[in-house]
Protein chains: 4
Amino acid sequence: MLNQPVAFSILNDELESRRIDVSAVIEMLKKQHIETPSWGYANSGTRFKAFAWPGAATTTRQKLDDAAMVHKMVGIAPTVAIHIPWDQPEDGDYEAMCQYAEAQGVRIGAVNPNIFQDDEYRLGSFGNPDAAIQQRALDHVWECCEIMPKVKSDVLSLWFADGTNYAGQDSLVGRKRRFEKNLKAVYEHLPTGSRMLIEYKFFEPAFYSTDIPDWGTSYAWSLKLGPQAQVLVDLGHHAQGVNIEQIVAFLMDEGKLGGFHFNNRKYADDDLIVGSVNPYELFLIYNELTGAALGSAEPAHSSAPNIAFMIDQCHNVEGKIAPMIYSVLNCQEAYAKSLIVPRQQLAEVQAEGNILEAHRLLTQAYRTDVEALLQQVRQEMGIPLEPIVAYEASGYEEKIRSERGLAATSGGFQ
Amino acid sequence: MLNQPVAFSILNDELESRRIDVSAVIEMLKKQHIETPSWGYANSGTRFKAFAWPGAATTTRQKLDDAAMVHKMVGIAPTVAIHIPWDQPEDGDYEAMCQYAEAQGVRIGAVNPNIFQDDEYRLGSFGNPDAAIQQRALDHVWECCEIMPKVKSDVLSLWFADGTNYAGQDSLVGRKRRFEKNLKAVYEHLPTGSRMLIEYKFFEPAFYSTDIPDWGTSYAWSLKLGPQAQVLVDLGHHAQGVNIEQIVAFLMDEGKLGGFHFNNRKYADDDLIVGSVNPYELFLIYNELTGAALGSAEPAHSSAPNIAFMIDQCHNVEGKIAPMIYSVLNCQEAYAKSLIVPRQQLAEVQAEGNILEAHRLLTQAYRTDVEALLQQVRQEMGIPLEPIVAYEASGYEEKIRSERGLAATSGGFQ
Amino acid sequence: MLNQPVAFSILNDELESRRIDVSAVIEMLKKQHIETPSWGYANSGTRFKAFAWPGAATTTRQKLDDAAMVHKMVGIAPTVAIHIPWDQPEDGDYEAMCQYAEAQGVRIGAVNPNIFQDDEYRLGSFGNPDAAIQQRALDHVWECCEIMPKVKSDVLSLWFADGTNYAGQDSLVGRKRRFEKNLKAVYEHLPTGSRMLIEYKFFEPAFYSTDIPDWGTSYAWSLKLGPQAQVLVDLGHHAQGVNIEQIVAFLMDEGKLGGFHFNNRKYADDDLIVGSVNPYELFLIYNELTGAALGSAEPAHSSAPNIAFMIDQCHNVEGKIAPMIYSVLNCQEAYAKSLIVPRQQLAEVQAEGNILEAHRLLTQAYRTDVEALLQQVRQEMGIPLEPIVAYEASGYEEKIRSERGLAATSGGFQ
Amino acid sequence: MLNQPVAFSILNDELESRRIDVSAVIEMLKKQHIETPSWGYANSGTRFKAFAWPGAATTTRQKLDDAAMVHKMVGIAPTVAIHIPWDQPEDGDYEAMCQYAEAQGVRIGAVNPNIFQDDEYRLGSFGNPDAAIQQRALDHVWECCEIMPKVKSDVLSLWFADGTNYAGQDSLVGRKRRFEKNLKAVYEHLPTGSRMLIEYKFFEPAFYSTDIPDWGTSYAWSLKLGPQAQVLVDLGHHAQGVNIEQIVAFLMDEGKLGGFHFNNRKYADDDLIVGSVNPYELFLIYNELTGAALGSAEPAHSSAPNIAFMIDQCHNVEGKIAPMIYSVLNCQEAYAKSLIVPRQQLAEVQAEGNILEAHRLLTQAYRTDVEALLQQVRQEMGIPLEPIVAYEASGYEEKIRSERGLAATSGGFQ
């Protein structure tokens, strides 16, 4: 175990020699906010098999309990995204759900409609050629708009499984127009002060065309809709090689970045632990976020605090709560490293065209081991210094295994 | 509808002017053999949803009925691959299953063990760190070896879901050695005169490493094992951009191409109708196959007739039997086009380095509309000239819908 | 050789039975217009080697001669894109260049500035951190704006090599803003009635970030600029798997598709003969174009006739003029096939959600051999029935080889 | 600047608490050996432009001078790969070249034939349909075999640009057989005690098929040839998503990994600074190498010391010598991190199937900042603690700029 006081002292000196304001960094780290998804605590799987995990949550109360436990361990995960109808209360009492969450120490975050799991959606929801099925999907999203104030949520998070599997199956333009019409109908129902986030995805479950395949589509539509519509970036929803941090930079500069679904992938939408496949890419994304937030350019600066940092991952084989803690910690580490980038100095060498020195300054921040800094933050927040060790020592895993047993698979994922 | 006699006469003249022996082509087309999979007649889906199709098969008898119907429509699909335990008879009477198939007009083809759907296989089967689970998987494959003679099958088709999701999760070398040991144990149990086909897959359901990720691995192991081990190529199991026809050419030249899982994909392992995404690629693959089969070089020439042409697709939204017929027909069309490539002439211009003329000769064959030729083949075989039209007119779809109803999802896919 | 009258008669009957108005199709095919690039007639290569081709053009007159020869062979390639300064007249007399072209039977098409080949552009042009170099690039583009009326061109075609090779090398947001500023400065200098087309490219020659990496960026900026700015789609400038026809459909529906750079690729920006790698994809792209052009929806319908269909390929090993003819012919074939898609019938089965029948109707058009139809078009236009055969018989290749010899490599490519 | 003694003391304690034998790690780091390429000191570029760098080497003496300067700065780059004919002495006196190198403090490493830059190789070298051109290529490789003893090299490093650009252009099987024949002819001419390394590449400069497209092909042929033939892995020569460390693990386990071409890429064969795009992947590759070298399994253990670690990168915009130093340092850092993986403990948790703990143990090593350890190594070796700072302070860059000026572009790259 790290000798934290000594290690922090050394790191503090080192960072100050780089002219980093360490106490300001610590304050920003304390305010970080990562949202975990209710469905991440339930069983999930691949199309081949969903392995049941002992103790996995099946009820929304259990999911909220688990999310609250994660928040207790990390201190920066105070909200939980919900999925309707997976998290629909039997009695429809959303206020009670909201109160239950708050009693556990967390709040409800984004509301996620599900318009892909019913048989009617075989050919899509908003893009379906059948107007009645479009309306059915719209009704459900409207219902979610009504749920939002009940759970004190101001974010409607929209992902669509819509697309086609075969060339010619449907009109690409026709589907585009149906989407534009239906998204407009959603926009008009948004609660005051709330936002709708439009998620894009390269492919899956549609295998020829996806109705919102890329950021350009989400952006174009959010522009048509108005200021309450923004883009949601899921890290696993791009073609191979796409420079995600550049998309982030573009959207922030336009005030159109609404939120993230954090996860990681090597191949397709693998939905693995955040930062487990490419931690450097995660750092580069945070680097853009931090640069915009700390800068003065508008609308980037003012819209930065509203970005919803949501985890969306699918734990197939590695448990549920522990990997969620890892994901939050990896976000924290990446954020911390982005906060120690010497931005003024970097801007100067960039302006000079000094490629190698600019690259070195950026990667020096990445290379720095910030564990002692993070432990300092945790100490000041009254959080366990080593969240994973603390979780394992807590007995929580044994408790839920024994109380909940090996439940049937439930839930879904995006 | 095509005026077949006139159209065929015109095409026949055109092909003869290209010095193609049309009657020889027709004879080869009559001998084409495509195997359909029992699981392709059952419901399947993506990780998000499996849409139930009215009339989808749930029992093996129903699957065999459907396969027999496909064969009646196309005349070149006389065998059916089975999956154990999905197709395991309740009474264990495989001879009866075999007889039932034959009574419907089809035979059992490849036997496919399933070592990925049980809870024990969370960390893999042959690659599992736990020796007891490796043995469990081995026992199941040995059981399949014993089933083979009972169903008159001489092909054991092996696909493994094995791999890891996180760097460090397991030893890559350790898994390699476990696989080599267990594959050897399978090889030693193979029935005389039979073959084991080793399938590779780029990724999914494992998202960091897959134990048999590419043809090189399958090939290396089939070489170590001996002549009864060969490689199985699934068209959806490659990285983007991989030149599959070159892999086919290499393996045939070494006598190590054992069979195919035909399907098509635009993104990952999409398992769509064969030839629906890239019909030109399918033609180029058949071009290599036909070149090797018609050539005199060994071992390619002699091993060509043993290649198992198996369809492995997953119909998520488009029905079951009709798309299977499409797949068979697309294979037939690609094969026909490969048979009208003027090989002698092509070899000459290739030797001269005449790039454009060589490319033109090959693509001229692809561009040729061979429908009239295929209808001639069907006529001579006593098969419906237009299999899709005939299937739709047959009333079979209505019959199974009414008899079987909307069954629960069953089965799996690779 | 095809018995054209009989073959056309058969095809005509077949198409009429599918309710296609064949004479209308023929009229549309006569009006097709493909632009060839002056630089495509000069030598080019990969970073490893540029193989000199005997007879390759080195002067702009030679390039115009070659383009005129292509047009004589195909009848549908009446314009030539030029690249400044590669095609800069020594005496600056652009009117004379224009007249020379017209005397050969072709016209000047798009004007392409070159802001990537000078040493100053090592860190970019419009995105360069140095304001003086930005201005230098801007001056050159303004110069091109002034050239446009002199050569009777109304299209300014903009491609930028700008980007970075290392994370941190430059500010992603900074580069975005520089581009927006400089593109605006170009827009304000556009000649009346002309358009500027903004090309995007996934990567190369920049290997970490490209300043205009995707259609979304081009689209966003063309929207900010105004109606004279549109997007240029180069078929080789996407990540693997991207559905290009969907981008085409989206842009047309917004009136923002300005033009194409046609070529083909299997891997990166391979710049091969159009349709040589994936002819089906080329058909699907034309299918969207034709659907929009024949439809009544605006702005798609009215902007369709203004789309600039430009070839941009790089012949490394296969000659220059013959592969250019192949590319034009492949575009003609794809366009013809898109014209025989039964759109009304297709729309009906799409509305019904009949996946397989819709896919069949579309692919039936693709499968149809349209050679007899194209020969009918050529006959009516007074063009050689078989352009490749006619070119080879013309003696042109021998003539330029003997006149021009083996010239040094010149020119570039995009 | 790091307070090295204190920082090392802290790190030493931390590593010892993880039961790492730090002094053994230091000894291994002192023996690391990275080879730099002579052509990396000359100008190079993309197909669009080669930007000349002031002071870039043009003669082999200059390249050896630069390589020696790199070695002085890093202490672990004692050898230089040469390219024939780029490094051919005018008087053919290779012994003198060898002595010159040694006088500068470096030795000649791998010999790289060039069989792609002559006009004759338009259709390939060993795969060319023309037997005379095959022989020409073979003669050149044989010449390189004769050069090897003269420069005291025991590694022949073979990369081929061979392939085709269009389907049908040549026979895929024919090219395979020509390669097998010609590689055999090379093998028979290998100097005693030397090895030939067969490099594969996914694509470029060939765009339809590449004659050695993947590790499977290199491996299959090295197996046919015999123990002196091994595989060379270039990090930029794979399809997107390929798990390179798994290929490394496989080849080592078979004793068939001969060497590396280190560089990094985000898209295609971008040839950037090693570790600049994905430092985690570089660590994972070293992790497999170190695991095999430290293990006792054969042939992996015994073949490990013979692996040739060669850099092959192409500096387009960032200078020459400084980026080469970065690459060496990044290899050093990755190797150091791989040496502090707690292998015994990792093997235990892997055996237990403890996914998260195994992943944590591995990534903890990656996360550790090893700069203080590396400085300790450098101090003990008498090398500058901060090689980049030392290089910049050395005046070498100014010296070569003034002496050599802005030379014309020369050289090539792989």
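**Exercise 1.** Does Glu180(B) count as buried or exposed, and at what relative accessibility? Work out its setting as well.

*Solution.* A quick word first: this is a predicted model.

Step 1. Find the residue. Glu180(B) sits in helix 6 of chain B, the stretch covering residues 172–187.

Step 2. Apply the cut-off. Buried means under 20% relative accessible area. Glu180(B) comes in at 18%, so it counts as buried.

Step 3. Look at who is around it. Skip the neighbours within four places in sequence, and Glu180(B) is in contact with Trp221(B), Lys224(B) and Glu254(D).

**Exercise 2.** Take helix 5 of chain C and describe its span, its two ends and its packing.

*Solution.*

Step 1. Check the length. The helix runs over residues 131–150, which makes 20 residues. From first C-alpha to last it reaches 29 Å, close to the 28 Å expected at 1.5 Å a residue.

Step 2. Go to the start. There, a side-chain oxygen of Asp130(C) comes to within 2.8 Å of the backbone nitrogen of Ala132(C).

Step 3. Now the other end. Just after the helix, Lys152(C) has a positive phi of about 60 degrees.

Step 4. Pick out the buried residues. Among them are Ile133(C), Ala137(C), Leu138(C), Val141(C), Trp142(C), Ile147(C) and Met148(C). The buried set also includes Gln134(C), His140(C), Cys144(C) and Cys145(C).

Step 5. See what they pack against. On the strand side, the partners in chain C are strand 2 (79–84), strand 3 (107–113), strand 4 (155–158) and strand 6 (195–199). The helix partners are helix 4 (94–104) and helix 6 (172–187), also of chain C.

**Exercise 3.** Zoom out to chain A: how compact is the chain for its 414 residues, and how confident is the predictor?

*Solution.*

Step 1. Count the elements. Chain A has 16 helices and ten strands.

Step 2. Compare with the globule rule. The radius of gyration of chain A is 21 Å, close to the 22 Å the rule gives for 414 residues, so the chain is as compact as a globular protein of that length. Its C-alpha trace spans about 65 × 55 × 40 Å along the principal axes.

Step 3. Turn to burial and contacts. Of the 414 residues of chain A, 71% count as buried. Among contacts with a separation of 6 or more, 79% link residues 24 or more positions apart.

Step 4. Add the surface. The accessible surface of chain A is about 12800 Å², with 51% belonging to carbon and sulfur atoms.

Step 5. Finish with confidence. Chain A has a mean pLDDT of 96, and 98% of its residues reach 70 or more. For the complex, the predictor gives an ipTM of 0.96 and a pTM of 0.97.

Note on methods
Residues are numbered from 1 along each chain as its sequence is written. Chains are lettered from A and ligands numbered from 1 in the order in which they are written. This is a predicted model: local features need pLDDT of at least 70, side-chain atom pairs count only at pLDDT 80 or more; totals for chains, interfaces and linings use all residues. Side-chain values use heavy atoms; hydrogens and water are left out. Helices (H or I, at least four residues) and strands (E, at least two) are DSSP runs, numbered from the N terminus. The expected span of a helix is 1.5 Å times one less than its number of residues. Buried means under 20% relative accessible area, exposed over 50%, partly exposed in between (1.4 Å probe, protein chains only). Contact means heavy atoms within 4.5 Å. A polar contact is a pair of N or O atoms within 3.5 Å; within protein, one must be able to donate a hydrogen and the other to accept it, and residues adjacent in sequence count only if both atoms are side-chain atoms. pLDDT is the predictor's confidence in each residue, from 0 to 100. The radius of gyration is taken over C-alpha atoms; the globule rule is 2.2 Å times the number of residues to the power 0.38. Accessible areas come from the Shrake-Rupley method with a 1.4 Å probe; for residues, only the protein chains shown count as cover.
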